[in-house]
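Biologist: Could you walk me through this model, starting with how its parts meet? I'd love to follow the reasoning step by step.

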Amino acid sequence: MDDLRLGVIGLGPRSTLADYAHLPGGGSRIVACCDTDPRILRAESARFGPDIAAVPDLDRMLDLDLDGVFVLTPDDTHEEIALRLLAAGVNVFLEKPMAITVEGCDRILEAARRHRVRLYVGHNMRHMPVVQTLRALLTQGAIGEVKAIWCRHFVGHGGDFYFKDWHADRTRTTSLLLQKGAHDLDVIHWLAGGVSRQVTALGDLSVYGGITDRADRSGQRMRDWFDPDNNWPPASLTGLNPVVDVEDISMMLMQLDNGVLASYQQCHFTPDYWRNYTVIGTEGRMENFGDESGAQVRVWNRRSNYRAEADITVVVPPASGAHGGADSELVAEFCAFLRDGVQTLTSPVAAREAVAAGYAATASLRAGGRPVAIEAVGDAIGEYYAAGQPGACRPTAHAGGVS
Ligand SMILES: NC(=O)c1ccc[n+]([C@@H]2O[C@H](COP(=O)([O-])OP(=O)(O)OC[C@H]3O[C@@H](n4cnc5c(N)ncnc54)[C@H](O)[C@@H]3O)[C@@H](O)[C@H]2O)c1
């Protein structure tokens, strides 16, 4: 089997994804890298071996006859880069969030269909063992029919992670409700078996907005300033991004197209980092405690007062690697999708729906909580992606595979 010839654009922290795809002789390898920062390009491309093509701009990548490209750049660049790759006939792995506007997502969906090029959006949380455990219990009917999902997202380290670079600037992300929430909004939709059609939200910049100390961190990456042992409490942080205008606390309510009601709360100044999903069905409820290996999902399905011990307790299975083992699974699925067009756990339309919910909720919270409706994609787009992108080109038809 020839290796897929893959490229990666954006060699920041998230480029660890590309390492999972660099398996020379094992089915795929990274043959080209691109980053607009020459220092990063030089330092990070070396890990893919001496033959790597390290190029400073996307145009140079388009000449390399690649089977697929990982787009791992900041959110506001996703749309333009994806559109250029798709127009050039290059299959795309696009990091979440798909884009920072609904219109941007729709342009990407349309371009991939028009050019018949494969599009995959990297919603790794669908591969996380805790999410898989929740989903398996639902599929087995452990709590009957789902009626409500509540997700509380405690974004510990929020100040270091999201308020010292581009994430804090709404022109680069729209909001953290979209940027970060796209993960959980997609999971909520997946667990519920529906998508949001109306949302309302409230939010505020309630802690980091009071910090006046700013820093220009050009050339730095998050690992240069991340300090888990200090920088506490959050109001003591220094060196925030010059622009800080995204919310650090947001709460949204969703009405899904299948009648399920959901809520998502995100806070960037908690001491701890994890997500708690509570799913309520017609015959019980379940909840996760912790979200990594060894965490528990507990199910209550008997009538009682409060009981910490549930009726069913499932331990989330161990897995190694980033995001609870999800990232390696994600990359493996992308490569299989490129090679064989296999059915995937996520879909580009689902990724769009997550952005749409976050985008609408941001509009709602910035308008004092007014309800905002969300339109579905058109029928032609919906049918094309539901059918698994029929007719999109197969990479093995390219001349460039290497053995
Ligand atoms: N799925 C997940 O769990 C997860 C986790 C972290 C980040 N992300 C996503 O991954 C993406 C990258 O995140 P990051 O933390 O690595 O960002 P980052 O800003 O730290 O790094 C991005 C890199 O892309 C480069 N770059 C910027 N614009 C470019 C362009 N036009 N062409 C080529 N290179 C360019 C930058 O120089 C930088 O090296 C974001 O979209 C983020 O939302 C996803």
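**How the parts meet**

Modeller: Happily: 15 residues of domain 1 are in contact with 16 residues of domain 2, contact meaning C-beta atoms, placed from the backbone, within 7 Å. This is a predicted model, in which local features need pLDDT of at least 70, side-chain atom pairs count only at pLDDT 80 or more, and totals for chains, interfaces and linings use all residues. Residues are numbered from 1 along each chain as its sequence is written.

Biologist: Where does the largest nonpolar core lie relative to domain 1 and domain 2?

Modeller: A nonpolar core joins buried Ala, Val, Leu, Ile, Met, Phe, Trp, Tyr and Cys residues through C-beta atoms within 7 Å, buried meaning 20 or more other C-beta atoms within 10 Å of a residue's own. The largest one has 108 residues. Domain 1 (4-123 + 330-346 + 377-397) and domain 2 (126-325), with bounds from an automatic or database domain assignment, both give residues to this core, so it lies between them.

Biologist: Which helix gives the largest share of this core?

Modeller: Helices here are DSSP runs (H or I, at least four residues), numbered from the N terminus. The largest share is 10 residues, and it comes from helix α13 (residues 348-365).

Biologist: At what angle do helix α10 and α13 pack?

Modeller: Among the residues that meet are Ala182 and Leu185 in α10, and Ala354 and Val355 in α13. With axes fitted to C-alpha atoms over the stretch in contact, and angles running from 0 to 180 degrees between N-to-C directions, the α10 (residues 181-192) and α13 axes are 8 Å apart and the angle is about 115°.

How values were computed. Buried ≥ 20, exposed ≤ 12 C-beta atoms within 10 Å, placed from the backbone. Helix = DSSP H or I, 4+ residues; strand = E, 2+ residues; numbered from the N terminus. Contact = placed C-beta atoms within 7 Å.
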